Amino acid sequence: MKVKELAVKNFRNIKEILLPEERLGNLNIFTGNNGQGKTNLLEALYILSGNSSFRSPNYDHLVNYEKEYFNINAKYTAGEKDLEIGLTYTRSKSKEIFLNRKKIRSKHPYIPKVVLFIPDDLYLIKGSPGRRRNFIDFMLKQISAEYAYLIEEYGKILKKRNLMLKKEAIRDKTLNILDGMLTEKAALIIMQRINLINMLEKEVRDIYSFLNKEEADIKIKYALSFPIPDEKVNISTLKARMAEELIKIRNQEGMRKTTLLGPHLDDINFYYNNKLARFFSSQGQQRNLVVALKIAEAQTFCRIRGFYPLFLLDEVLSELDYERRNLLLKYLGEAEFQTFMTAVNIDDIDVKGAAVFNVKDGSIV
Ligand SMILES: Nc1ncnc2c1ncn2[C@@H]1O[C@H](COP(=O)(O)OP(=O)(O)OP(=O)(O)O)[C@@H](O)[C@H]1O
């Protein structure tokens, strides 16, 4: 996927910006002082993917203070296809997305796909398990609409089951039916997550070694909320084991009034040289691991879908030391995917070959 032209109007502090095809490259850097609109440009590209902004779920916040609507248009390629997308939002109304001038829903298969790095992602390794589940689910939802549907269905059954557990008298018969439905969806979710993690693990090792000039043994392991031997992980055993465990803990769940196991409680563990990264790796090592993981996300997406997503990086360079900054830029400059990144300062880095845009007060200068 490559953006060939981008036009942004009335979006946050951007009145009107056009990035034409002849100026855009494979590696694009938005530079400038704080508060000038660099991240706003990245945010505009991000919401073209149909996702809500990573900074605010409220679209009204994205409209320029003095305007009533914003508009983002991009010409891009997805595989062999030449496409044009337009997103318009008018205050207090719902957003409208047009693909090749036809109105579409935000789950359309050719809507732009993205991998995003924001400074907050540095907490991916040591933050809450929910962050890691969101990371893997975001990726799987972009890869497959069926997975997005599966997660939605699982959520609905879970909600019903939790309501049932909150009742004074729990009806075992109803709970048994819900358990059957829940474990069926759970097994499918877990299996897809594990398969994706295995693919990510292979990619992340190579990328980490390149960016850090060291042969590190990186492992990513899916941590289930119920016990099952590694060699027995498949859809039918997952389903059967989860069902058995649910029966075992039924009294406990009745007391706690909530579902105590399932993919909504699973975790993902990262190991650096056989030690759990969140407890033993340095801040810098965790940071480098997240950067490698994000690149692995783009590579893995392409291996499954046959084309690359856009790679969007907000302020990653300030988090890295001099040598790693230059190695990352070299990697991104030569990568097969297109990158858009923001950077306050590019004085001491080699940006040869990159398209550099100086952003000042919501304009390109
Ligand atoms: N709805 C809006 N309308 C107009 N301006 C807005 C709106 N929302 C945010 N802004 C302005 O946009 C600017 C922030 O832009 P942005 O986050 O892109 O900065 P940046 O260049 O990435 O800066 P930094 O280097 O500090 O991260 C701020 O000046 C803010 O006041």
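Me: In which helix is Thr-39 found?
Reply: This is a predicted model. The UniProt annotation "binding site", from an unreviewed entry, covers residues including Lys-38 and Thr-39. Thr-39 is found in helix H1.

Me: Does Thr-39 count as buried or exposed?
Reply: A residue is buried if 20 or more other C-beta atoms lie within 10 Å of its own. Thr-39 has 21 C-beta neighbours inside 10 Å. Leaving aside neighbours within four places in sequence, its contacts are Asp-314 and Thr-342. So Thr-39 counts as buried.

Me: Where is the place of Gly-32?
Reply: Gly-32 is also covered by the UniProt "binding site" annotation. With 21 other C-beta atoms within 10 Å, Gly-32 is buried. Not counting residues up to four places away in sequence, Gly-32 touches Lys-38, Asn-358, Val-359 and Lys-360. Its place is in the loop between strand S3 (27-31) and helix H1 (38-47).

Me: At which residues does UniProt place the feature "domain: RecF/RecN/SMC N-terminal"?
Reply: The record is an unreviewed entry. Over the stretch in question, the chain is 43% helix and 22% strand. The end C-alpha atoms of that stretch are 24 Å apart. UniProt places the feature at residues 3-345.

Me: What distance separates the centres of domain 1 and domain 2?
Reply: The domain assignment gives domain 1 (2-113 + 309-364) and domain 2 (127-279). Six residues of domain 1 are in contact with five residues of domain 2. Taken over C-alpha atoms, the centres are separated by 32 Å.

Me: Which helix gives the most to the largest nonpolar core?
Reply: That core has 93 residues. Leu-45, Val-204, Leu-289, Ala-292 and Leu-312 touch the most other members. One helix gives 14 residues, the most to this core. That is helix H4 (residues 172-212).

Me: Why does this core lie between domain 1 and domain 2?
Reply: Look at where the core residues come from. The core lies between the domains because residues are given to it by both domain 1 (2-113 + 309-364) and domain 2 (127-279).

Me: With which residues is Leu-45 in contact, leaving aside its neighbours within four places in sequence?
Reply: Leu-45 is one of the core residues that touch the most other members. Leu-312 is another of these. The contacts of Leu-45 are Leu-6, Leu-310, Leu-312 and Phe-340.

Me: What do the buried residues of H3 pack against?
Reply: Helix H3 (residues 145-166) has 22 residues and reaches 32 Å, close to the 32 Å expected. Its buried residues are Ile-151, Tyr-154, Ile-157, Leu-158 and Arg-161. Seen down the axis, they fall within an arc of 135 degrees, so they line one face of H3. They pack against helix H2 (129-143) and H4.

Me: Which exposed residues does the face of H3 turned away from its buried side carry?
Reply: In an α-helix, residues three or four places apart point the same way, because there are 3.6 residues a turn. The face of H3 turned away from the buried side carries Ala-145, Tyr-149, Glu-152, Gly-155, Lys-156, Lys-159, Leu-163 and Lys-166.

Me: Which residues does Lys-141 touch, not counting residues up to four places away in sequence?
Reply: Lys-141 lies in helix H2. It has 18 C-beta neighbours inside 10 Å, so it counts as partly exposed. Lys-141 touches Tyr-147, Ala-148 and Ile-151.

Me: What distance separates the C-alpha atoms of Arg-131 and Asp-267?
Reply: Arg-131 lies in helix H2. Arg-131 is in contact with Tyr-123 and Leu-124, leaving aside neighbours within four places in sequence. Arg-131 and Asp-267 are 136 residues apart along the chain. Their C-alpha atoms are separated by 9.2 Å.

Me: How far apart are the end C-alpha atoms of helix H5?
Reply: The buried residues of H5 are Leu-238, Lys-239, Arg-241, Met-242 and Leu-246. What covers them includes H4 and helix H6 (250-256). H5 (residues 235-248) has 14 residues and, at 1.5 Å a residue, should span 20 Å. The end C-alpha atoms agree with this, at 20 Å.

Me: What is the phi of Asn-10?
Reply: The place of Asn-10 is in strand S1 (residues 2-11). Asn-10 counts as buried, with 21 C-beta neighbours inside 10 Å. Its phi is positive, in a residue other than glycine. The value is near 55 degrees.

Note on methods: Residues are numbered from 1 along each chain as its sequence is written. This is a predicted model: local features need pLDDT of at least 70, side-chain atom pairs count only at pLDDT 80 or more; totals for chains, interfaces and linings use all residues. UniProt positions are given in the numbering used here, feature names are shortened, and annotations may be inferred rather than shown by experiment. Helices (H or I, at least four residues) and strands (E, at least two) are DSSP runs, numbered from the N terminus. A nonpolar core is a set of buried Ala, Val, Leu, Ile, Met, Phe, Trp, Tyr and Cys residues joined through C-beta atoms within 7 Å. A residue is buried if 20 or more other C-beta atoms lie within 10 Å of its own, exposed if 12 or fewer, and partly exposed in between; C-beta atoms are placed from the backbone. Domain bounds come from an automatic or database domain assignment. Two residues are in contact if their C-beta atoms, placed from the backbone, lie within 7 Å. The expected span of a helix is 1.5 Å times one less than its number of residues. The arc is that of the directions from the helix axis to the C-beta atoms.
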